[in-house]
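Me: I am new to this structure. Could you walk me through how to read it, one feature at a time?

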Amino acid sequence: MSCKETESLVADYLDSSLPASQRRILEQHMQQCEHCRSELAAAQKVSAHLLQWRQQQVPQWNRIPETLRHARHTRSWSWFAWWQWAPVAVSLVLVLAIFTNVQLTQTQDGFVIAFGANRTVDAMDGSVIAEQLARFEVQQRLRQDQEFQALAARMEERQDASNIRLMETVISQMSDSTARSLDQVLAYFEAIREQDMQILQSTYQQLVDSDYETIRSVQQLASYVQYQP
Amino acid sequence: MSLADQDEVLIGAALEGSARAWERLVKRYEGRVYNFSLRLTGNQTDALDLMQEVFLGVYRNLHRFRGDSLFTTWLFRIAHNKAVDMNRCRRLFMQQDQPGGNADGDDADPYDRVVSNDPRQDPAVVLIEEQGNSVISRHLESLSWDQRLIVELKVFQSHTFEEIAELQDIPANTAKTRFYTALRKLKSILEQDHVM
Ligand SMILES: [Zn+2]
């Protein structure tokens, strides 16, 4: 083996696939040949220097190819949609609860003022509401039937207008459905509820000012509705 | 690694349209591919481009993977080819801008440094952050493209010369000579830099 072969000898030596028998021959040569030895040492040093490379973290990137992304969307859309709509859904449940808490129903006997419609209020606190309902549900013939019907119509109108405003608010908040926007929607509902309760209270007081019992019930009920979450 | 986590299972699921399985598979190898790309291109922007090309190529050819070799072997074959393609593209692109350049000889090729050096002159390009790595990167950049590639395959990917010869479609002896020349060149640069 002559040292004109250093190049291939060093390369061979660094090759993991070199058979053991050939490696032994190479090692024997390295012991005798100064040039090959120093060249091999240098090559090993260079390799060691390069191998000091430290793995770098992959930056954020889009791993899913376009074609796979469609499959992904259909799969995760429902979750995504739910998440997007969660604040809005909560708000709608809330507004339903608020508006149906105070319900005016006409029966043969006249008007039934039902505070807390079972369906939605159940979700809040069924037993307490049922109790309150039993206690406060006022069923009596009102002398001012016509006036009350007008009130009912006015309330309905108000609710429609409120619902429209509510939807507008919800839609405008959809683009950034964050906790902040939820707060805004809730604050809006809170304000509407307060207004409605004031109207209800004052109207009821006018309507039934001759009946102290009823006034007391309505006031209790109004405060109950107002302070329920 | 659980059975469900094996490459073959993830590949099967990805082929059936599971984005989750594909993502898992990518996450397993993206680090290796990214660092491979980073060493070859010398900057994060090109490295990210190359890595994306590699995984897009893997995804498009996934149905062709037969499992008669390791997935990593197959993946890095694609990575190698994409790197070569990318370099070829840059050369063609640069040749239009700089007529008269000659493209022969490992050391004399003026386009060899195009890939790594040009983005560095652009301040918008994110450079290699790791300080030790940027030194190594600078040393690798002193090599021609072919030399850098063979150093990558031999030192970092631990390929044998036979494998390199097959991958690059060159005689094994050419691969050995090229590798040895690259090491010698690195040695002289490291000496200048007082690294050795
Ligand atoms: Zn020798």
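Me: Which side chain does B:Arg28 meet in a salt bridge?

Reply: Keep in mind that this is a predicted model. A salt bridge pairs a side-chain nitrogen of Lys or Arg with a carboxyl oxygen of Asp or Glu, within 4 Å. Here the partner of B:Arg28 is B:Asp7, with N to O at 2.7 Å. B:Arg28 sits in helix α2 (residues 19-41) of chain B and B:Asp7 in helix α1 (residues 7-15), so the pair ties together parts 21 residues apart in sequence.

Me: Are B:Asp7 and B:Arg28 buried or exposed?

Reply: Buried means under 20% relative accessible area, and partly exposed runs from there up to 50%. B:Asp7 counts as buried because its relative accessibility is 12%. B:Arg28 comes to 27%, so B:Arg28 counts as partly exposed.

Me: What else is B:Asp7 in contact with?

Reply: Set aside the neighbours within four places in sequence. Then B:Asp7 is in contact with B:Leu25, B:Arg28, B:Tyr29 and B:Phe71. With B:Tyr29 there is also a polar contact between the side chains, at 2.4 Å.

Me: Where do I find a salt bridge inside one helix?

Reply: Look for partners about one helical turn apart. A:Glu66 and A:Arg69 are such a pair: both belong to helix α4 (residues 66-101) of chain A, three residues apart. Their side chains meet in a salt bridge of 2.9 Å, N to O. A:Glu66 is partly exposed, at 47% relative accessibility. A:Arg69 is partly exposed as well, at 21%.

Me: Which residue does B:Asp85 meet in a salt bridge?

Reply: B:Asp85 meets B:Arg88, and the N to O distance is 3.8 Å. These two are three residues apart in helix α4 (residues 71-97) of chain B, about one turn of that helix. B:Asp85 has a relative accessible area of 37%, so it counts as partly exposed.

Me: How many salt bridges does the whole structure have?

Reply: A search over all chains finds 13. Between chain A and chain B the count is three. One of these joins A:Arg63 to B:Glu30, with the closest N and O atoms 2.8 Å apart.

Me: Which helices of chain A supply at least two residues each to the side that touches chain B?

Reply: To read an interface, ask which elements supply its residues. On the side of chain A that touches chain B, α1 (6-13), α3 (34-50) and α4 each supply at least two residues. The largest share there, eight residues, comes from α3(A). By type, the residues on this side of chain A divide into 16 nonpolar, eleven polar and nine charged.

Me: How many residues does each chain bring to the contact, and what is the buried area?

Reply: Count residues, then look at the area. Chain A brings 36 residues and chain B brings 48. The area buried between the two chains is about 3800 Å², and carbon and sulfur atoms give 65% of it. Three residues of chain A stand out: A:Trp53, A:Gln56 and A:Trp61 supply 20% of the area that chain A buries against chain B, more than any other three residues. Polar contacts are counted too, and 15 residue pairs are in polar contact between chain A and chain B.

Me: Now the chains themselves. How many helices and strands are there in chain B?

Reply: Begin with the list of elements. Chain B has nine helices and zero strands. Of its 196 residues, 52% count as buried. Its accessible surface comes to about 9500 Å², with 48% belonging to carbon and sulfur atoms. Contacts tell how the chain folds back on itself. Among those in chain B between residues at least 6 apart in sequence, 58% join residues at least 24 apart.

Me: What does chain A have in helices and strands?

Reply: Chain A has eight helices and three strands. From the N terminus on, the order is α-α-α-α-β-β-α-β-α-α-α. Buried residues make up 38% of its 229 residues. The accessible surface of chain A is about 14100 Å², and 53% of that belongs to carbon and sulfur atoms. Among contacts in chain A with a separation of 6 or more, residues 24 or more positions apart account for 64%.

Key
Residues are numbered from 1 along each chain as its sequence is written. Chains are lettered from A and ligands numbered from 1 in the order in which they are written. This is a predicted model: local features need pLDDT of at least 70, side-chain atom pairs count only at pLDDT 80 or more; totals for chains, interfaces and linings use all residues. Side-chain values use heavy atoms; hydrogens and water are left out. Helices (H or I, at least four residues) and strands (E, at least two) are DSSP runs, numbered from the N terminus. Buried means under 20% relative accessible area, exposed over 50%, partly exposed in between (1.4 Å probe, protein chains only). Contact means heavy atoms within 4.5 Å. Accessible areas come from the Shrake-Rupley method with a 1.4 Å probe; for residues, only the protein chains shown count as cover. Buried area is the accessible area (1.4 Å probe) that two parts lose on being put together, summed over both. A polar contact is a pair of N or O atoms within 3.5 Å; within protein, one must be able to donate a hydrogen and the other to accept it, and residues adjacent in sequence count only if both atoms are side-chain atoms. Ala, Val, Leu, Ile, Met, Phe, Trp, Tyr, Cys and Pro count as nonpolar, Asp, Glu, Lys and Arg as charged, and the others, Gly among them, as polar.
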